[in-house]
Each structure stands twice: as structure tokens, then as C-alpha cells.
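Here is a protein chain to look at by way of a few questions. The sequence and model come first, then the questions and answers.

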Amino acid sequence: MSEHATAAGLNPLASALKGGNARSLMCHPLVQLVSVRMREFVREPEALFWSFAFPILLAGGLGLAFHNSGGEVLKVAVVSAPTAAWLRPEKSLDVAQMSPAAAEQALRTGKVALLVSSDPEGRILYRYDDTNPEGRLARLLADRAARSVERGTNAITARDQILREPGSRYIDFLIPGLLGMTLMGSSMWGMGFAIVDARRRKLLRLLTATPMPRSSWLLSFALSQLVILAAEVLVLLSFGTLFFHVPMRGAVASLTVVCVLGNLCFSGIGLLIGARAQTVQGASGLMNVVMMPMWICSGVFFSAQRFPETLQPFLRALPLTALIDALRMNLLEGAGLRQSFVQLTWLTVTFMVSFGLAIKIFKWR
């Protein structure tokens, strides 16, 4: 037997390639198996999302948030007009004149990186958290601006007052964001996945023979999530408080209302996604498409203010943005329900609209 015949017998695919027989090549078992695997991948919404959409969304969102526009601009609070006047020429500082109480509040809650005032002896007083890189950089930039201004013959003197009060650190900013993200994920997955899985196993078909209203059945999913909600909030807040001393300045009752409305809001969105989805994979893909923009743009890991001003109205319309803002206002600023009325109203409206649409389009089979 010749060497060519042996190779052809051992490798029919190579033989078909050498012979140029296209039809034989396409019918080869290996080619058919590869084709099947490719079709399975293309028909899998979740695989397509994580392979193509996720990297693009992540790169686009982070690119917009951290785009290079001539350097980062840091927010600084001042309590007097003359101080604001000599700081404003510094392009890297966003100077806001505030009352002493408002400036203290803004610094404590991390809304500004630096507070510039003067002490009783007339020296410049820089107040900031030295564990915050933005605070240290803002202090250097403010000092540079001060030395570039003609201040007569007197030497410029400055004094630092270091603050490490809980509420102005990054971990204080992060915990409410993680709590909001957790509430969104558990509510949507607990709803959408459970409904689609019940439909897939033909359980919903049995329920059509009962007199039970579908609104009651759907609402039962949302209410059952409240038990899980209590455990999630307790575990995460206890961890933040015990290990990192994250403050809880707001009333527990107000925090409970915020969390419950956030849970209902995202449960309604999960119900809406699961109302028509036929497969678990399809529902997973839809939920990832809905949640991914909010993970990036709603201020979970960094402030949504980093995005361009033109996008701010759209970002504030995201339900997760409203939930996280309300959580931070309660935990870090001690705000009550009245101060977060706008955010809570938007969460309520989102729940009512999504739940109403879910009931309308819900498909039992």
C-alpha cells in the first residue's frame, strides 16, 4: 500500500481536501460536528451576550466614564468668595462655594475631595482625608493655585487638618452600591429564572386549570423575595459595619422602605422578562442585557458623575441609579423618606409599570 493511500485511509478529511471534493468535505463527520457546535453557539443568547456584547458594553461604559478629557477634575468646597476667586483659575479643580455646614456635609459624604477655608490665625486650612488619593491630589492642586496668586509681601502659610471620618471613604461609597446591585440581581434572577423554569417543566400548564388569578401567582413571587431580601441586607450591612465601620446614619425604618421598594421594582422587571421567555438561556440573556448597563452606569463602583453631562438624564432614569442614590442618602447622610422622595417615587412607578405589563403579556404555555 502506498504512503498516500495510507494517509488517506487514516485521515479521510485530508483525503477530501487533497482531492478537492467539496461535497465530500462538507459531508465529513468532523465538519458536520463543527457546524452543529457553531449553530448551538449562535442560538444561545447568553453565550452571544458574554462573548460579544459584554466586552463592548464594558469597554464603552468605562471608556465614557474615564475618558481622557484633559485630566480629571476634582471637586473642592470653599466657604468664602475670596478663596473661590484664587482657586478657580486652576483648571483641574471644580470649585463650589458653600456654607460651612454644607461644606462639612459634602466633605463627610465624599461629594467633595477637599474643603478649603482659613483658621483663626489667617492661614489657609486644607481639610481632607489623606487615605483618599483624590483628597491628596486636590490639596496639592489647591496649594499650587494659592502660590500662583499674588498675596502681597506676606509668605503663604497653610495648615492641614486630616479627616478620616467614616462616610467619606471609598468603602463607604462602595457598600451601598454593592447592596443595590445585590438587590437587583437577586430580585430579577429570582423572578425571571423561576418563572421560565416552571414554564419549561410544564408546571404553568397545570395552573391554568385552577381558578387562581395570574396576578396573585405573579405577585407571590415578588413577595417571597422579601424573605431573601432581609437576609441579604443584614449580611452585607453587618459585614460593612463590623469590619469597615461603614456608618448607618439613617433610620432603619427608612432603610427598610428603600430596600423593599428596590426589591419590588426589580422583581417587576424580572417578571416582565419572564412573562414570555421560553427557555432559561433566553431569559438569562435578556436579564444580562438589562442589568449590564446598570452595573456600569448607575454608580455601583464609581460615581455616575464621571459620565458626560449629556448622558446624566438617562443615567438618572435607570432604576438602579435611583436605588443606589436612595441607599447612599440614607446610610451616609442620614436622609429620611422625604429627602429621597424622587428616587422612591421612580422605583414605585417602575414596579407598577413593569408588573402591569407582565400581567398583560404573561404567557402560561
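Q: What length should helix α9 span at 1.5 Å a residue, and how far apart are its end C-alpha atoms?
A: This is a predicted model, in which local features need pLDDT of at least 70, side-chain atom pairs count only at pLDDT 80 or more, and totals for chains, interfaces and linings use all residues. Residues are numbered from 1 along each chain as its sequence is written, and side-chain values use heavy atoms, with hydrogens and water left out. Helices are DSSP runs (H or I, at least four residues), numbered from the N terminus, and the expected span is 1.5 Å times one less than the number of residues. For the 31 residues of α9 (residues 170-200) that gives 45 Å, which agrees with an end-to-end C-alpha distance of 44 Å.

Q: Which residue in the loop between α11 and α12 has a positive phi although it is not a glycine?
A: Most residues other than glycine have a negative phi. The loop that follows α11 (214-244) and leads to α12 holds an exception, with a phi of about 55°. Its relative accessible area is 54%, so the residue is exposed (over 50%; buried is under 20%, partly exposed in between, with a 1.4 Å probe and protein chains only). The residue is H245.

Q: How many of the 23 residues of α12 are buried?
A: Helix α12 covers residues 252-274. Most of this helix is covered. The buried count is 17 of 23.

Q: At what angle do α12 and α16 pack?
A: Axes are lines fitted to C-alpha atoms over the stretch in contact, and angles run from 0 to 180 degrees between N-to-C directions. The axes of α12 and α16 (residues 341-361) are 8 Å apart. The two helices are roughly parallel (under 35 degrees), because their angle is about 30°.

Q: How many charged residues does the contact of α12 with α16 have?
A: Contact means heavy atoms within 4.5 Å. Residues making it include L261, C265 and I269 of α12 and L347, F351 and F355 of α16. Asp, Glu, Lys and Arg count as charged, Ala, Val, Leu, Ile, Met, Phe, Trp, Tyr, Cys and Pro as nonpolar, and the others, Gly among them, as polar. By class there are 14 nonpolar residues, five polar and, of charged residues, none.

Q: How far apart in space are L337 and A251, C-alpha to C-alpha?
A: L337 lies in the loop between α15 (319-333) and α16. Beyond its neighbours within four places in sequence, L337 is in contact with S254, V257 and L344. L337 and A251 are 86 residues apart in sequence, while in space the distance is 9.4 Å.

Terms used
Angles under 35 degrees count as roughly parallel, over 145 as roughly antiparallel, 65 to 115 as roughly perpendicular and the rest as oblique.
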